[in-house]
Amino acid sequence: MAKTDVRYVQGGNNRLLRHVLRQVWESRCYWCRRFKDYSALEIDHILPRTSTTYERKRLNEAFALTEEYDVDALYNLAPICGECNKDKGDQDLTQIPVIVSHIKKARRLEGKVSSRVRSFGKSSDIGTALLLAAEADLSDPRNRTTFEEAAPAVVQRLSELGADKADFYVIRGVEVESRGRSHAIELKLNEEGRAAVKIIEGMVGADLEKALSAPLGDLLLRVEDSSGHALRGHDEGAGAPDVGSLEVDWPIIVIESVKFFASPPATVELEFDGKFDARVTGTVTRTSDLGDELEDLQGEADVSGSFHFTLSWCPQYPIGQLDFDEAFLTSFDAETYLDGRSSVDPSDWFILGE
């Protein structure tokens, strides 16, 4: 892998790097996967920087890393919230399989982070001003007033580059039932998503949580079924394992596109398209390595993909009642683990020193 001089500097000015990491990781804490306010995120070393020589060797062996693995490189950095940073510090990382997934994602995003940092620095005056504005302490009344007065002009200039350039996201939390379990889901809504919410809540008179309960619940069922299929494919040469009940944790739903149709006699249809990611866990049973008995293992999967569903309403329905058929997974990807062993060969993801 090509080296880059964009990296974390101990004791140095890492403000720009932190700003870009927040952007590229979509304002989410990589540890709890939740969307966080701008000021809540800081830079974290996925594998810790302050490990002893013994601990560094132990981590390198556990994650199949070379001695040249550079903890200050971009492939080892991600944004984290303060609460998760404290929680992570008390855990044995070798017992957390998802660390593999975090390292892989940081590696995939390394080029984008490096490119944005370099691009930001080429226009030093405007870059400095934008960074100061992004990091302004808006709890200070004077900063807040100045920001509120000046920011609309910047947004207007941004819109002049394209109508979609000035879009932004808001987060709405909803509770959804699936297989008798309540899930707290975060919805990330862009302009189209916000417009759909206005139609659901304003024109149709429905409660957002009730309106999305059926499609999002059905979506979670599809994710569970597809995750079970992925785990059954993790046979490690011992045959397909049996998968028990699964639980979907930390689901994030991003509504990316909503198409609105109205036809006589005033039937309203909303077609939703978006993407999701979640952590899925459950018990997996398979034949032991010796082949003489069955063993129960902890099965886990990091899953992501895209979905589609439609909601409809017509005047004959009671106010607030929407019709729903089923949700469809238009794409699905999973990285599976059995007792911490990844379905991906380490050679596919570990970081070489060069």
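Me: Which element of the chain has the lowest mean pLDDT, and which the highest?

Reply: In this predicted model, strand 10 (residues 341–342) has the lowest mean pLDDT among the elements, at 67, whereas strand 2 (residues 77–81) has the highest, at 97. Over residues 345–354 the pLDDT is below 50, although this stretch still has 27 contacts in the model beyond near neighbours in sequence. Where pLDDT is low, the predicted coordinates should not be read in detail. The chain as a whole averages a pLDDT of 86, with 90% of the residues scoring at least 70.

Me: What makes the pair of tryptophan 25 and tyrosine 30 edge-to-face?

Reply: The ring centres of tryptophan 25 and tyrosine 30 are 6.1 Å apart, and the cut-off for a pair is 6.5 Å, so the two rings count as paired. The angle between their planes is 65°, and planes over 60 degrees apart count as edge-to-face, which gives the pair its label. Tyrosine 30 also pairs with tryptophan 31, again edge-to-face, at 5.8 Å centre to centre and 80° between the planes. A search of the whole structure finds 7 aromatic pairs, and one aromatic cluster is formed by Phe272, Phe307, Phe309 and Phe324.

Me: Why is tyrosine 30 called buried or exposed, and how is tryptophan 31 classed?

Reply: Buried means under 20% relative accessible area; tyrosine 30 has 4% relative accessibility and therefore counts as buried. Tryptophan 31, at 13% relative accessibility, counts as buried because this value is also under 20%.

Me: How do you know whether cysteine 32 is in a disulfide?

Reply: The nearest cysteine sulfur to cysteine 32 is that of cysteine 84, at 3.7 Å, while a disulfide needs the sulfur atoms within 2.5 Å, so cysteine 32 is in no disulfide. The structure holds 0 disulfides. Cysteine 32 counts as buried because its relative accessibility is 15%, and cysteine 314 is buried with a relative accessible area of 11%.

Me: What places the charged end of lysine 188 over the ring of tyrosine 169?

Reply: The charged end of lysine 188 is 4.3 Å from the centre of the tyrosine 169 ring, and the distance limit is 6 Å, so this part of the criterion is met; the charged end is accordingly listed as sitting over the ring. Arginine 22 likewise lies over the face of tyrosine 38, at 4.1 Å from the ring centre.

Me: Which residues have the most contacts inside the largest nonpolar core, and which element gives the most to this core?

Reply: The largest nonpolar core has 42 residues, and those with the most contacts inside it are Leu187, Leu216, Phe272 and Phe309. Helix 8 gives the most to this core, with 8 residues, and the elements that each supply at least two residues include strand 5 (242–263), strand 6 (267–287) and strand 7 (294–313). Leaving aside neighbours within four places in sequence, phenylalanine 309 is in contact with residues including Leu216, Phe272 and Phe324. A second, separate core of 39 residues includes Val20, Leu59, Leu74 and Cys81.

Me: Why is aspartate 218 classed as buried or exposed, and what does aspartate 218 touch?

Reply: Aspartate 218, which lies in helix 8, has 16% relative accessibility and so counts as buried, the cut-off being under 20%. Not counting residues up to four places away in sequence, aspartate 218 touches Phe324, Glu326 and Ala327.

Methods
Residues numbered from 1 in each chain as written. Predicted model: local features only at pLDDT ≥ 70, side-chain atom pairs only at ≥ 80, totals over all residues. Heavy atoms only, no water. pLDDT = per-residue confidence, 0-100. Helix = DSSP H or I, 4+ residues; strand = E, 2+ residues; numbered from the N terminus. Contact = heavy atoms within 4.5 Å. Phe/Tyr/Trp six-rings, centres within 6.5 Å; stacked < 30°, edge-to-face > 60°. Buried < 20%, exposed > 50% of the residue type's maximum accessible area, 1.4 Å probe, protein only. Lys NZ or Arg CZ within 6 Å of the ring centre and 35° of its normal. Core = buried A, V, L, I, M, F, W, Y, C linked by side-chain atoms within 4.5 Å.
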